[in-house]
Amino acid sequence: MVLEYTKENLGHDSLPGKSVESSVSDYISLLKPRVMTLAVFTSICGLLLAPGYLHPFLCVTAILCISVGAGASGAINMWYDRDIDCIMKRTKGRAIPTGKIDPNTVLGFGVFLACASVIILGLTINYFAAILLACSIAFYIFIYTIWLKRKTHHNIVIGGAAGAFPPIIGWACVTESLSLFPIILFLIIFIWTPPHFWALALYKDTEYSKVDVPMLPVVHGKKNTKFQILCYSLLLFLTSSLPYILGLSDQIYLVASLILNLSFIFFAIRLTLSNDHNNDIRASHLFKFSILYLYLVFTSFVVDKFF
């Protein structure tokens, strides 16, 4: 496939007449693989933690559908944000800003994958899980991307719910219902999301300010953002302690959770006490640790159940 660079299809100034050939890897990049990996992992944990049995083939089908649904959300997000992606250094290398894939093709690709993932999940697994997947996709596109992202600094706080759906969808694939445990899994990711993204925004704040996206550091400054990160870190500690307090997990999870949460708080305190000289470095450290934190917390749930 060969596309022409034009101002109309890129949504910004471009180089007319330059042809760029798209590849399979360009289409894969539309799915935001790194973000999708987290959704895949937490959905697998939801499947493993749920009581009951699901045939391995159906497990693979469920994980594939959840993954594709998450990727479809990312593709549609790139289509909508193409005007600001071409300005931000972090995103200007994406397929649309570079002219590798036409925006209308991206939109069609995303919508097709979203519909296909929901329909296949409903027909092969159960309709309740499919409804949850549809809600997740719709929330990310309409609530976060279109409504909140460019209008309020609460965009990440509320929009984080979209990324918290995978474990409860995985759980619903097995049980066709929800209970307190998957809701707590949802809350852990929901409360984890603001400090995770605000840490990134602290050393990428000039990028967001260039495109008028009202991230917390842009609107209320770095000092306030660092304080909010510390508050959410403490709230995350309390929320992730609930499974043990309520008898939903045992000692393995308790020990892992304590170590991980105390480490998270340590990084948050270091960031809060940072100055202009080391602020970006400490924000980067917290951001990277937050990713490891979520993987290890969910891993500890699974290990706690089976060992």
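Trainee: Which residues are linked with Asp81 in a network of salt bridges?
Mentor: First, a heads-up: this is a predicted model, where local features need pLDDT of at least 70 and side-chain atom pairs count only at pLDDT 80 or more, while totals for chains, interfaces and linings use all residues. Residues are numbered from 1 along each chain as its sequence is written, and side-chain values use heavy atoms, leaving out hydrogens and water. A salt bridge here is a side-chain nitrogen of Lys or Arg within 4 Å of a carboxyl oxygen of Asp or Glu. The network links Asp81 with Asp83, Lys149 and Arg150.

Trainee: How many residues apart are aspartate 81 and lysine 149?
Mentor: Those two form a salt bridge, with the closest N and O atoms 2.6 Å apart. Aspartate 81 sits in the loop between α4 and α5, and lysine 149 in the loop between α7 and α8 (155–159). Helices are DSSP runs (H or I, at least four residues; strands are E, at least two), numbered from the N terminus. The pair links distant parts of the chain, and the separation is 68 residues.

Trainee: Are aspartate 81 and lysine 149 buried or exposed?
Mentor: Go by relative accessible area: under 20% is buried, over 50% is exposed, and in between is partly exposed (1.4 Å probe, protein chains only). Both aspartate 81 and lysine 149 are on one side of that scale: buried.

Trainee: Which residue forms a salt bridge with lysine 100?
Mentor: Lysine 100 is partly exposed because its relative accessibility is 27%. Its partner is buried, with a relative accessible area of 9%. The closest N and O atoms are 3.8 Å apart, and the partner is aspartate 26.

Trainee: How many of the 11 residues of helix α9 are buried?
Mentor: Helix α9 covers residues 165–175, and its buried residues include Phe165, Trp171 and Val174. They pack against several helices, among them α3 (33–49) and α14 (279–306). The helix is largely enclosed by the rest of the structure because the buried count is 10.

Trainee: Which residues are linked by ring pairs into a cluster with Trp171?
Mentor: Rings of Phe, Tyr and Trp (its six-membered ring) pair if their centres lie within 6.5 Å; planes under 30 degrees apart count as stacked, over 60 as edge-to-face and the rest as tilted. Ring pairs link Trp171 into a cluster with Phe181, Tyr253, Phe298 and Phe301.

Trainee: How many aromatic pairs does a search of the whole structure find, and what is the angle between the planes of tryptophan 198 and tyrosine 232?
Mentor: The search finds 17 aromatic pairs. Tryptophan 198 and tyrosine 232 make an edge-to-face pair, 5.4 Å centre to centre, with an angle between the planes of 80°.

Trainee: Why does that pair tie together separate parts of the chain?
Mentor: Tryptophan 198 lies in helix α10, whereas tyrosine 232 lies in helix α12 (residues 216–245), so the pair bridges parts a fair way along the sequence: 34 residues apart. Both rings count as buried, tryptophan 198 with a relative accessible area of 2% and tyrosine 232 at 17%. So the reason is where the two rings lie: helix α10 and helix α12.

Trainee: Which residue's backbone oxygen does the side chain of serine 67 reach?
Mentor: Serine 67 is found in helix α4 and is buried, with a relative accessible area of 8%. Leaving aside neighbours within four places in sequence, serine 67 is in contact (heavy atoms within 4.5 Å) with Met36 and Val40. At 2.6 Å, its side chain reaches the backbone oxygen of isoleucine 63.

Key: Polar contact = N/O pair within 3.5 Å; in protein donor to acceptor, adjacent residues only side chain to side chain.
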